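Subject: Structure handover

Hi,

Here is the structure I promised to pass on. Please open it alongside this message.

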Amino acid sequence: MFTWSRRPVKGSAAVLRGAAEHVMRRLGVVRCEVGVLICGDEAIRSLNRTFRGHDEATDVLSFPSGETQPDGLAYLGDIAISLDTARRQAATARIDESSELAALLIHGLLHLLGHDHERDGGEMALLEKQLCGELGL
């Protein structure tokens, strides 16, 4: 489920949906749902300040849930992506906006699935690189 407080380039929704489906299929995750918010730097800064104590904008935040919904689907949690930061990063890397958004979504999904790049000795980074490569990102 996507919530757009900021609108990315046309076609981004399909790219993001495809990336999420690929990650879930590839990692064997079934019957689940994730909430994704595409917002600006101001909104993500507020979330980062409130939930992590960091008063700065960032590119992506993940909020794991792990709850089961009444229909039986697992709700993995929520992901917030700053479109402003994604656009800057895409320009710096000279890639298209949709690809950067998809890479950030993959990063967020891996966090929702329990991966932690700050503690895993590079395992998450390797998996993220493999998944992005499989999608041509």
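Below is what I found, from the overall chain down to single residues.

First, a caution: this is a predicted model.

**Overall fold**

The protein chain has five helices and four strands. Along the sequence they follow the pattern β-α-β-α-β-β-α-α-α.

How does the radius of gyration compare with that of a compact globule? A compact globule of 137 residues would come out near 14 Å, and the protein chain has 14 Å, so the two agree. Along the principal axes, the C-alpha atoms fill a box of roughly 40 × 35 × 35 Å.

Buried residues account for 39% of the 137 in the protein chain. The exposed surface is about 7600 Å². Carbon and sulfur atoms supply 50% of that surface.

Contacts reach far along the sequence, too. Take those between residues at least 6 apart: 63% of them join residues at least 24 apart.

**Helix H1 against helix H4**

One helix pair deserves a look. H1 covers residues 12-26 and H4 covers residues 97-112. Their axes come within 9 Å and cross at roughly 35°. The crossing is right-handed.

Which residues meet there?

- From H1: Ser12, Val15, Leu16, Ala19, Ala20, Val23 and Met24.
- From H4: Ser98, Leu101, Ala102, Leu105, Ile106 and Leu109.

By class, that contact has eleven nonpolar residues and two polar ones. It has no charged residues.

**Two arginines with positive phi**

Most residues other than glycine have a negative phi. Two arginines go the other way.

Arginine 31 has a phi near 50°. This arginine is in the loop between H1 and strand E2, which spans 32-39. Is arginine 31 buried or exposed? Its relative accessible area is 53%, and the cut-off for exposed is over 50%, so arginine 31 counts as exposed.

Arginine 94 has a positive phi of about 60°, again without being a glycine. Its place is the loop between helix H3 (83-93) and H4. Arginine 94 is at 78% relative accessibility, so it counts as exposed as well.

Both loops adjoin the helix pair described above: the loop with arginine 31 lies between H1 and E2, and the loop with arginine 94 lies between H3 and H4.

To find these spots in the viewer, start with Ser12 in H1 and Ser98 in H4. Then go to arginine 31 in the loop between H1 and E2, and to arginine 94 in the loop between H3 and H4.

Best wishes

Technical notes. Residues numbered from 1 in each chain as written. Predicted model: local features only at pLDDT ≥ 70, side-chain atom pairs only at ≥ 80, totals over all residues. Heavy atoms only, no water. Axes fitted to C-alpha atoms, helices over the stretch in contact; angles between N-to-C directions. Helix = DSSP H or I, 4+ residues; strand = E, 2+ residues; numbered from the N terminus. Left-handed = near helix turned anticlockwise from the far one by under 90°. Contact = heavy atoms within 4.5 Å. Nonpolar A, V, L, I, M, F, W, Y, C, P; charged D, E, K, R; others polar. Rg over C-alpha atoms; globule rule 2.2 N^0.38 Å. Buried < 20%, exposed > 50% of the residue type's maximum accessible area, 1.4 Å probe, protein only. Areas by Shrake-Rupley, 256 points an atom, 1.4 Å probe, with all protein chains shown as cover.
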